[in-house]
Amino acid sequence: MRTSTKILAVAMIAGLSLTACGTADPTPSPAPVAADGEFTDADFEIDPAIKPKGFPAKVDINGRKKKGQDANAPGHKYNAYKAGQLVPVKCQSSASGEIWDYTSDGWWVPDKYVKTGTDGWAPGVPRCGDESSDGGGKKVHGRNNGPAGPTTGTRAEKIKRVLDAAKSQTGKGYLYSWGAGGKGGPSYGVEHRQREGGDDYYRYGYDCSGFTLYAFWKGAGIDIGPATTQQYTSGKKVPLNQLEPGDLIFWGDGDKPSTTTHVAIYVGDGKLIEASWPRNGNSVRIKELYGQSSWTAHAIRVI
């Protein structure tokens, strides 16, 4: 998503702050969310075009009014889903370290009793909006805020914390979403962009520079900026043949920050960690170095 000079000028005139991976205006746009885990459909920011997915119940399951509740908690529905019956899962959330499924019938059920084909987050099922919060009970679209990580320690210790923070976001089912993520971790995308069978506005996760921003903020208390353009100037330039763990790798043209289209973190041993498409439960991942012919002229060493 290359940002042209013309687009940059228009954005500056409009007073917008440009963000990552070619996104514009990631300013958080909160919406109210229900308290105490009780929800109606209106409380979830889920793409209305996405229909519930039906998965068979492993056993008879009681429906709960709130996630995390016991089977016989007040207000429960006895045997809301019988063994073998399809459970219409609308979205997934977590409570007490376990995955919970919210159904189109308005019930919460423990995911461990539903055959989704995996013990983790089910592919193609969105995350419920109750987990994308600014800490005040409001859902956030775009760059969010969160506490800074420690700034103490040696260079090696800081880099390790940055990489640990980045790695902690893998395997959680976060989706690539345009403009999403920031200092506070994952959030929703900022624009209605139809990509890969869905709308980024309803996807919960990160875009490329929202992810790198989180890693450096959480790991070392360093604000590298919200977009690839700022992040390319957040440290010193180093030759690409001298990469070290913690260096930022960019895709773009020469040394021009305005041409950058993607960013990842080098983790060592010929691998990087990134938030990138495709938009699936593996969008935040570690993989072998790739696309070297499209990299910028230098990597950026922040620490």
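Me: Which residues are linked with R155 in a network of salt bridges in this predicted model?
Reply: In this predicted model, the side chains of E244 and R155 meet in a salt bridge, at 3.0 Å from N to O. The side chains of R301 and D247 meet in another such pair, at 2.9 Å from N to O. The network that contains R155 also takes in E244, D247 and R301.

Me: How many residues apart in sequence are the parts that the pair of E244 and R155 ties together?
Reply: The side chains of E244 and R155 form a salt bridge. E244 lies in the loop between strand 16 (236-239) and strand 17 (248-251), whereas R155 belongs to helix 2, so the pair ties together parts of the chain whose separation in sequence is 89 residues.

Me: Is R155 buried or partly exposed?
Reply: A residue counts as buried under 20% relative accessible area and as exposed over 50%, with partly exposed in between. The salt-bridge partner of R155, E244, has 30% relative accessibility and counts as partly exposed. For R155 the relative accessible area is 37%, which means that this residue is partly exposed.

Me: Where is D247, which pairs with R301 across 54 residues?
Reply: The salt bridge between R301 and D247 links distant parts of the chain, and R301 sits in strand 21 (residues 298-301). R301 counts as buried at 12% relative accessibility, and D247 counts as buried at 1%. D247 itself is found in the loop between strand 16 and strand 17.

Me: What is the N to O distance in the salt bridge of R143 and D207?
Reply: The structure holds 13 salt bridges, and one of them joins the side chains of R143 and D207. R143 is in the loop between strand 10 (138-139) and helix 2 (155-167), while D207 is in the loop between strand 15 and helix 3 (208-220), 64 residues apart. R143 is buried with a relative accessible area of 8%, D207 is buried with 0%, and the N to O distance of the pair is 3.1 Å.

Me: Which side chain makes a polar contact with the side chain of D200?
Reply: D200 is found in the loop between strand 14 (198-199) and strand 15 (204-206), and this residue is buried, with a relative accessible area of 0%. Leaving aside residues up to four places away in sequence, D200 touches Y176, S177, W178, G189, E191, R193 and R279. The C-alpha atoms of D200 and W178 are separated by 6.1 Å although the two residues are 22 positions apart along the chain. The polar contact of the D200 side chain, at 2.8 Å, is with the side chain of R279.

Me: Why is strand 19 described as largely enclosed by the rest of the structure?
Reply: Strand 19 pairs in the antiparallel sense with strand 18 (residues 262-268) over 3 bridges, and with strand 20 (residues 284-288) over 5 bridges. Strand 19 covers residues 271-275 and is largely enclosed because, of its 5 residues, the number that are buried is 4.

Me: Which residue takes a positive phi in the hairpin of strand 18 and strand 19?
Reply: Within this part of the model, I265 stands opposite I273 in strand 19, and A275 stands opposite V284 in strand 20. The hairpin of strand 18 and strand 19 has 2 residues between the strands, and the positive phi, near 55 degrees, is taken by D269.

Me: By how many degrees are neighbouring strands of the open sheet 4-7-8-9 turned against each other on average?
Reply: The 4 strands of this open sheet follow the order 4-7-8-9 with antiparallel pairing. Its edge strands, which pair on one side only, are strand 4 (53-56) and strand 9 (108-110). With direction ignored, the average turn between neighbouring strands is 55 degrees.

Me: What is the bridge partner of C91 in strand 8?
Reply: Strand 7 (residues 86-95) and strand 8 (residues 98-103) run antiparallel and are joined by 6 bridges. In strand 8, the residue that partners C91 is Y102.

Me: What percentage of the 303 residues of the protein count as buried?
Reply: The secondary structure of the protein comes to 4 helices and 21 strands. Among contacts with a separation of 6 or more, 65% are between residues 24 or more positions apart. The share of the 303 residues that count as buried is 50%.

Key: Residues are numbered from 1 along each chain as its sequence is written. This is a predicted model: local features need pLDDT of at least 70, side-chain atom pairs count only at pLDDT 80 or more; totals for chains, interfaces and linings use all residues. Side-chain values use heavy atoms; hydrogens and water are left out. Buried means under 20% relative accessible area, exposed over 50%, partly exposed in between (1.4 Å probe, protein chains only). Contact means heavy atoms within 4.5 Å. A polar contact is a pair of N or O atoms within 3.5 Å; within protein, one must be able to donate a hydrogen and the other to accept it, and residues adjacent in sequence count only if both atoms are side-chain atoms. Two strands pair if DSSP finds at least two bridges between them. Axes are lines fitted to C-alpha atoms, for helices over the stretch in contact, and angles run from 0 to 180 degrees between N-to-C directions. A salt bridge is a side-chain nitrogen of Lys or Arg within 4 Å of a carboxyl oxygen of Asp or Glu.
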